[in-house]
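Biologist: I am learning to read models of this kind, and I would like a close look at the enclosed spaces inside one of them. Please take me through them slowly, and then follow the chain outward to whatever parts they lead to.

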Amino acid sequence: MRVPTFVIVGAGLAGARAAEAIRSEGFDGGIVLLAGENEFPYARPPLSKDYLAGTSARDTIDVHPAEWYRDRGIDVRLGNRVTGLALDTHEVNLGEGRSVRYDKLLLATGASSRRFPGPGAALDGVHHLRTVGESQALRADVEAGTRQVVIIGAGWIGLEVAAAARGYGNAVTVLGRESTPLAAVVGAEVGSVFAELHRVNGVELRMGTRPVDLTGASGRVTGVVLSTGEIVPADVVVVGIGAVPNTELARDAGLAVDDGIVVDAAFRSIDPDVYAVGDVASVFHPALRHNLRIEHWDNAERAGAAAGRSMLDQAISYDAIPYFYTDQFDLGMEYSGYRSRARDAEVVFRGDRAGREFMAFWVADGQVVAGLNVNVWNVNETVQRFIRTGVRVDASRLADESIALDELLAGAPD
Ligand SMILES: Cc1cc2nc3c(=O)[nH]c(=O)nc-3n(C[C@H](O)[C@H](O)[C@H](O)COP(=O)(O)OP(=O)(O)OC[C@H]3O[C@@H](n4cnc5c(N)ncnc54)[C@H](O)[C@@H]3O)c2cc1C
């Protein structure tokens, strides 16, 4: 009997977790993990945090050591970028006439950093941050601590890089488009906590600015040109303006693509043998009743494994509550919830916002739809329970630290 082969395109965290789940659930066919990069799967969050700051070694970011894959018969092929899909013949093409046949295929191609438009992006000293190599190159440029570092974008990656670059002693300026960093994600009140954190740590935040060009001399960047014509001097520029899902293979093959590759709650595309997961996938969420593309570590981790199980025909309806975290200077934060539902919700604070030790809950129609904790630990499960159970809450009691959160959950279904 012919042994079936499952092929995974993209050896990021989602692809790695899928391969792991497929094997650990007892599948004894072939598993081929095609890695566009020359690296075994690794976690990206440290690339803008401890790894960039030089406090974590290279091997700490690996999902597994190389021999782990070998011992489990997971065939990781490094530097194998897929150039096309032939859905009718069940083949992925690798260029130069090479191809791999699959019985089932998982697309876990992730996302790429959005590039700064214009020729200036190619100057030395201009960095985008997605890969371990890019993190190493950035570290090499900032670790002396004597540079004027300008960061374009006041989102999560921009602010994390600001903290790491400042940690080396560099002069750091962040150029943000909104009036308050992160306001679009966590609202202006929480965003201003991050703004204050950066200011007290010596980062210059210039909000409401629009960089339009980069200037250079002798091939190296010297400044960022703003829409006003002002030039902000820079020795190093970091572009942190978001990511774009790598959907080209799927689109060219005729699969449904909107913001990401469109799949159902079991990660199945419109082709019954092709699945998609991670940053690249737009997944139907059963609780929201619409598709959601999530660019977070936790989603790659858990949805990756769930997609692997789905490929084994296990019944999967992935309904996890989106979760992400950040670490900047001495602030750690976790966020859980549905941003689309939080948009018009009331924000209820609990704890010491000025002292940066607090929680925030987004409450809509008496129910928590999202929540975050800043420098308060071991509460994320509780936050998720509020959201999952839809228990009715009283805002004033939620804000009152003398009332235990568990007390507010009493009577909520499990
Ligand atoms: C610097 C940084 C910091 C982050 N920090 C956080 C954080 O603090 N918290 C959080 O929740 N999330 C964070 N994230 C997001 C998180 O890392 C991503 O959500 C996660 O990496 C997504 O995993 P993935 O496997 O779907 O995609 P990816 O990690 O992008 O992996 C996809 C892989 O597929 C490969 N690939 C693409 N096309 C092809 C092809 N044609 N052939 C072969 N291979 C291909 C790519 O090269 C890549 O290796 C961060 C991301 C970055 C870049």
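How many cavities of 30 Å³ or more does the structure hold, and which residues line the largest cavity?

Modeller: Please keep in mind that this is a predicted model. The structure holds two cavities of 30 Å³ or more, and the largest cavity contains about 80 Å³ of space. Its lining is made up of Gly 278, Ala 281, Val 283, Phe 284, His 285, Leu 292, Arg 293, Ile 294, Asn 299, Tyr 318 and Ala 320. Strand S20, which covers residues 281-285, gives the most to this lining, with four residues. When the lining of the largest cavity is sorted by class, seven residues are nonpolar, three are polar and one is charged.

The second largest cavity holds about 50 Å³ of space, and it is lined by Ile 294, His 296, Asp 298, Asn 299, Arg 302, Tyr 318, Ala 320, Ile 321, Pro 322 and Tyr 323. Here the largest share comes from helix H8 (residues 297-311), which supplies three residues. By class, the lining of the second largest cavity has six nonpolar, two polar and two charged residues. If you set the two lists side by side, you will find names that recur, including Ile 294, Asn 299, Tyr 318 and Ala 320.

From the cavities we can pass to an open space, the second largest pocket, which has about 190 Å³. Arg 302, Ala 320 and Ile 321 are among the residues that line this pocket, and these names are also found in the lining of the second largest cavity. The pocket lining further includes Ala 287, Asp 319, Tyr 338, Arg 341, Gln 384, Ile 387 and Arg 388. Sorted by class, the pocket lining has five nonpolar, one polar and four charged residues. Helix H10 (residues 380-389) gives the most to the lining of this pocket, with three residues.

Helix H10 also holds Thr 389, and this residue makes a good example of how burial is decided. Thr 389 counts as buried because its relative accessible area is 17%, and the limit for a buried residue is under 20%. The side chain of Thr 389 reaches the backbone oxygen of Arg 385 at 2.7 Å. Leaving out residues up to four places away in sequence, Thr 389 touches Leu 409, Ala 412 and Pro 413.

To place these parts on the whole chain, it helps to know the domain assignment. Domain 1 is made of residues 5-112 and 244-311, domain 2 runs over 115-241, and domain 3 over 330-409. The centres of domain 1 and domain 3, taken over C-alpha atoms, are separated by 33 Å.

Let us now turn to helix H4 (residues 132-142), whose buried residues are Val 132, Ser 135, Leu 138, Arg 139, Asp 141 and Val 142. What covers these buried residues includes helix H2 (50-53), S9, strand S10 (148-152), helix H5 (156-167), S14 and strand S16 (236-239). Two of the covering strands, S9 and S14, deserve a closer look.

Strand S9 (residues 126-128) contains His 128, which counts as buried because its relative accessibility is 5%. The side chain of His 128 reaches the backbone nitrogen of Phe 116 at 3.0 Å, and it makes a polar contact of 3.5 Å with the side chain of Arg 115. Apart from neighbours within four places in sequence, His 128 is in contact with Ser 113, Arg 114, Arg 115, Phe 116, Ala 121, Glu 134 and Val 239. By contrast, the C-alpha atoms of His 128 and Ser 24, which are 104 residues apart along the chain, are separated by 36 Å.

Strand S14 (residues 220-226) contains Arg 220, which counts as partly exposed because its relative accessibility is 25%. A polar atom of the side chain of Arg 220 lies 2.9 Å from the backbone oxygen of Asp 235. Arg 220 touches Asp 141, which is one of the buried residues of helix H4. Not counting residues up to four places away in sequence, its other contacts are Leu 123, Asp 124, Gly 125, Arg 147, Thr 215, Asp 235 and Val 236. The C-alpha atoms of Arg 220 and Val 236, which lie 16 residues apart along the chain, are separated by 8.9 Å.

Terms used:
Residues are numbered from 1 along each chain as its sequence is written. This is a predicted model: local features need pLDDT of at least 70, side-chain atom pairs count only at pLDDT 80 or more; totals for chains, interfaces and linings use all residues. Side-chain values use heavy atoms; hydrogens and water are left out. Buried means under 20% relative accessible area, exposed over 50%, partly exposed in between (1.4 Å probe, protein chains only). Contact means heavy atoms within 4.5 Å. A polar contact is a pair of N or O atoms within 3.5 Å; within protein, one must be able to donate a hydrogen and the other to accept it, and residues adjacent in sequence count only if both atoms are side-chain atoms. Domain bounds come from an automatic or database domain assignment. On a 1 Å grid over the protein atoms alone, a cavity is a set of points where a 1.4 Å probe fits but cannot get out, and a pocket is an open set with protein on both sides within 12 Å along at least five of seven lines; lining residues have an atom within 4 Å of a point. Grid points are joined across faces, edges and corners, and a volume is the space filled by probe spheres set on the points. Ala, Val, Leu, Ile, Met, Phe, Trp, Tyr, Cys and Pro count as nonpolar, Asp, Glu, Lys and Arg as charged, and the others, Gly among them, as polar.
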